[in-house]
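Please open the structure in a viewer and keep the selection tool at hand. The tour proceeds by selection, one stop at a time.

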Amino acid sequence: RAQRRRFAPPVMLAGLRERLGATTSAGVGAAGAPLVHPVGARVALEAAWAVSRGLTPDAARPLVGIVVQAPPEGQPEPYAVEVFAPAVGEEGAINPSLVRRTLRRVAASALRPCPDLAAGAGAASLTVFALPGATMCSVPLAELHAQGLGAHAAGRPARLGGLEARPDLNGLTCTVLAGPRDDGRYFVELSLDEGEQSKLCVRPERSTLRLRR
């Protein structure tokens with residue numbers, strides 16, 4: 001039976017020193033008209049809006065997401081946005097599992113443009129979850145994977161979550177060994193009872209990196 005262990009001393013991923021949101025801009029276009037965000041666009045949700053809904057604890061750090069449904073042509077809203085946020089029941093946890101959640105009926109006024117990492121946006125286009133004043137933060141491995149940066153996770157501590165075949169391992173600490181493979185999965189290692197080491201191959205959505213801010 002697996003034992004829950006304390007997280008190993010975290011290591012900060014290169015680029016996360018930059019404060020999230022530093023490159024975001026206002027959510028209005030010419031003459032004050034709301035900006036149009038197409039499906040697939042990366043956006044930052046207004047921090048106060050996200051905090052009021054329990055999606056993030058830090059009003060100084062906007063929540064990043066992807067538009068999965070845009071309003072009909074000629075209508076400014078509402079949008080549907082997919083984000084990484086704490087799993088249900090873990091909203092107030094120091095180290096929550098970050099899972100994909102779809103937010104519906106999002107007003108255009110709550111959205112801001114968010115450039116991709118490939119465009120040099122740095123940490124401004126990553127989901128970084130941390131309690132105010134905390135020295136550590138959580139970052140979804142799936143988001144790094146989606147932007148082609150998953151290889152940077154090697155050697156980093158992470159938390160498993162959402163495993164269906166091995167639910168007894170959910171919440172345990174692991175170390176990302178390597179990845180991604182051709183199928184997008186990552187090799188991770190965790191310690192079980194009596195010092196036994198176990199290696200798994202998991203989808204990026206099943207791991208949340210734990211890093212120093």
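The stops below are two pockets and one residue.

This is a predicted model, in which local features need pLDDT of at least 70 and side-chain atom pairs count only at pLDDT 80 or more, while totals for chains, interfaces and linings use all residues. Residues are numbered from 1 along each chain as its sequence is written, and side-chain values use heavy atoms, with hydrogens and water left out.

**R159**

Select R159, which lies in strand 7, residues 157–160 (a strand is a DSSP run of E, at least two residues, numbered from the N terminus). R159 is buried, because its relative accessible area is 14% (buried means under 20%, with a 1.4 Å probe and protein chains only). Next, add E90: its side chain makes a polar contact with that of R159 at 2.9 Å (a pair of N or O atoms within 3.5 Å, one able to donate a hydrogen and the other to accept it; residues adjacent in sequence count only if both atoms are side-chain atoms).

**The largest pocket**

Select L163, E164, A165, R166, L169, R185, L200, C201, V202, R203 and R206, which line the largest pocket (on a 1 Å grid over the protein atoms alone, an open set of points where a 1.4 Å probe fits, with protein on both sides within 12 Å along at least five of seven lines; lining residues have an atom within 4 Å of a point). Its volume is about 180 Å³, the space filled by probe spheres set on the points.

**The second largest pocket**

Finally, select the lining of the second largest pocket, which includes R42, F84 and R100. This pocket holds about 160 Å³ of space.

Note on methods: Helices (H or I, at least four residues) and strands (E, at least two) are DSSP runs, numbered from the N terminus. Buried means under 20% relative accessible area, exposed over 50%, partly exposed in between (1.4 Å probe, protein chains only).
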